[in-house]
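Here are some short exercises to work through with the coordinates open in your viewer. Try each task before you read its solution.

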Amino acid sequence: MSDARPAMRPDPRTLLASAELARAFTLTVFAATFGAPAIRGAAGDVTYATILAALCLLGGAMLVTRRREIEVLHLAPTTLVFLILWAGASVLWSTDALRSLAGWAALLGVSFLGVVVGHVRDAHQSVRALGDVLRWLLAASLVLEVLSGILWDTPIPFLGIQGDIAELGPVQGLFGSRNDLGVVTVVALLTFLVEWRTRSVRPATAVSSVILAALLAVLSGSPTVIVVAAATAIAAAALTSVRALPARRRRAVQIGLGLALVVLSALAWAQRFAIAAALDGRADLSVRTDLWGEILRLSDDRPVVGFGWFGPWDPADAPFSTLNFTLGQQHASALNAFLDVLLQLGWVGLLVFLVLCALALARSWLVAGERRSVVHTWAPLTLVVLLTVSVFESSVLSGAGLLLLVLCAVRAGQSRSWRERLERVPEPPDGPARTQGGRESAG
């Protein structure tokens with residue numbers, strides 16, 4: 001008789017709960033969302049939608065397997081849930097119910113992936129995975145630009161690469177447009193610097209990654225990069241100052257910074273034409289202001305509920321076809337995330353979106369100010385990048401921008417949330433208060 005034992009089958013539940021699968025899942029989600037323009041250009045929208053659907057099914061199975069570790073109340077921010085529900089309800093009054101339903105499915109799918117990543121990986125692991133993906137995508141973008149513009153001397157139309165690197169740009173890489181590449185380089189620079197400070201990668205890798213991102217930011221030739229980088233640098237300096245203060249002084253300084261943010265935002269809006277002229281972007285801003293004015297006028301027809309959620313525009317569908325016909329242009333978005341939400345979801349949707357962004361930024365900023373690890377600065381500074389970009393682009397409403405927004409909101413809600421107060425009971429006379437889980441309250 002043979003003593004050999006039959007090979008044991010791996011338990012699917014063990015695999016779904018494993019750290020290895022969680023890491024592979026996170027890398028794949030980042031690669032799929034940031035590489036969406038290249039995937040769509042090379043294989044089509046159906047392939048991209050199939051990839052997202054498969055990832056959502058896998059993510060759902062992972063959450064079910066980890067259900068003992070995750071509290072339902074802490075699964076997603078309430079404002080995010082309201083926003084998705086309102087966008088789904090807008091299908092009922094949309095000008096094109098089928099396309100609106102498809103846009104809502106994309107919103108729900110990407111948001112769900114952000115929620116899953118926020119629960120299966122911690123802050124350090126998420127930053128590390130994002131850094132790995134952006135390193136590869138930026139390196140591939142530079143290689144393809146060199147091949148297209150120098151060695152082959154011909155564009156690569158299905159990837160959107162024009163081959164202008166020999167003239168020092170503008171280049172697009174794998175991200176579809178120079179503005180999108182510029183935003184990705186700013187996020188990448190922030191991520192690489194956090195990796196460097198936390199010693200997550202070797203110094204040589206960190207330095208080369210920073211140089212790569214900075215080089216592509218310059219070659220993109222996007223005026224948006226200058227504004228976003230400046231806003232992020234100011235926010236980073238302010239956050240560094242807050243982290244250096246003693247705890248008793250932070251509250252007053254935080255209030256002062258909040259008031260200063262409101263004042264600076266108002267001044268920047270009042271001087272927007274002067275800023276655009278200084279950045280050599282007056283014509284570009286003129287196109288935007290004309291579009292924004294038409295959106296505000298058209299929004300008056302449905303001010304409360306909007307025209308229905310579509311996400312990125314289809315220029316042939318109303319009301320977007322009306323806007324493009326009136327302006328004699330072809331726009332695929334409102335070039336402003338806030339006005340895009342106003343047009344599609346009305347003032348109700350815009351209010352929920354603003355509260356979602358404000359709470360995520362405030363919570364993550366407070367967490368970064370209190371905790372010593374540099375990795376906690378990634379979420380608030382990434383939100384600064386996304387919200388600054390939202391003034392000029394609508395990329396935060398879909399794809400990688402939406403994924404990062406949801407991930408930052410989930411991460412902030414895990415540390416600071418009104419739900420924590422609901423879980424606590426008043427302190428009894430004979431001892432410290434305890435949470436529902438039996439742990440002593442931190443007070």
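**Exercise 1: Two unusual backbone angles**

In this predicted model, Asp153 sits in the loop between α7 (123–151) and α8 (178–198).

Task: Find the phi of Asp153 and decide whether the residue is buried or exposed.

Solution: Start with the backbone. Asp153 has a positive phi of about 55 degrees, although it is not a glycine. Next, take the relative accessible area, which is 62% for Asp153. The cut-off for exposed is over 50%, so Asp153 is exposed.

Task: Where is Leu335 found, and is Leu335 buried or exposed?

Solution: Leu335 lies in the loop between α14 (320–327) and α15 (337–370). Its phi is near 55 degrees, again a positive value in a residue other than glycine. The relative accessible area of Leu335 is 14%. Buried means under 20%, so Leu335 is buried.

**Exercise 2: A helix pair**

Task: Describe how α15 and α16 (residues 378–389) pack, using angle and axes.

Solution: Begin with the geometry. The two helices pack at an angle of about 155 degrees, and their axes are 9 Å apart. Angles over 145 degrees count as roughly antiparallel, so α15 is roughly antiparallel to α16. As for handedness, α15 passes α16 in a left-handed crossing.

Then list the contact. From α15 come Phe338, Cys357, Ala360, Leu361, Ser364, Trp365 and Ala368. From α16 come Ala379, Pro380, Leu383, Val384 and Leu387.

Finally, sort these residues by class: the contact of α15 with α16 has 11 nonpolar, one polar and no charged residues.

Key. Residues numbered from 1 in each chain as written. Predicted model: local features only at pLDDT ≥ 70, side-chain atom pairs only at ≥ 80, totals over all residues. Heavy atoms only, no water. Helix = DSSP H or I, 4+ residues; strand = E, 2+ residues; numbered from the N terminus. Buried < 20%, exposed > 50% of the residue type's maximum accessible area, 1.4 Å probe, protein only. Axes fitted to C-alpha atoms, helices over the stretch in contact; angles between N-to-C directions. Parallel < 35°, antiparallel > 145°, perpendicular 65-115°, else oblique. Left-handed = near helix turned anticlockwise from the far one by under 90°. Contact = heavy atoms within 4.5 Å. Nonpolar A, V, L, I, M, F, W, Y, C, P; charged D, E, K, R; others polar.
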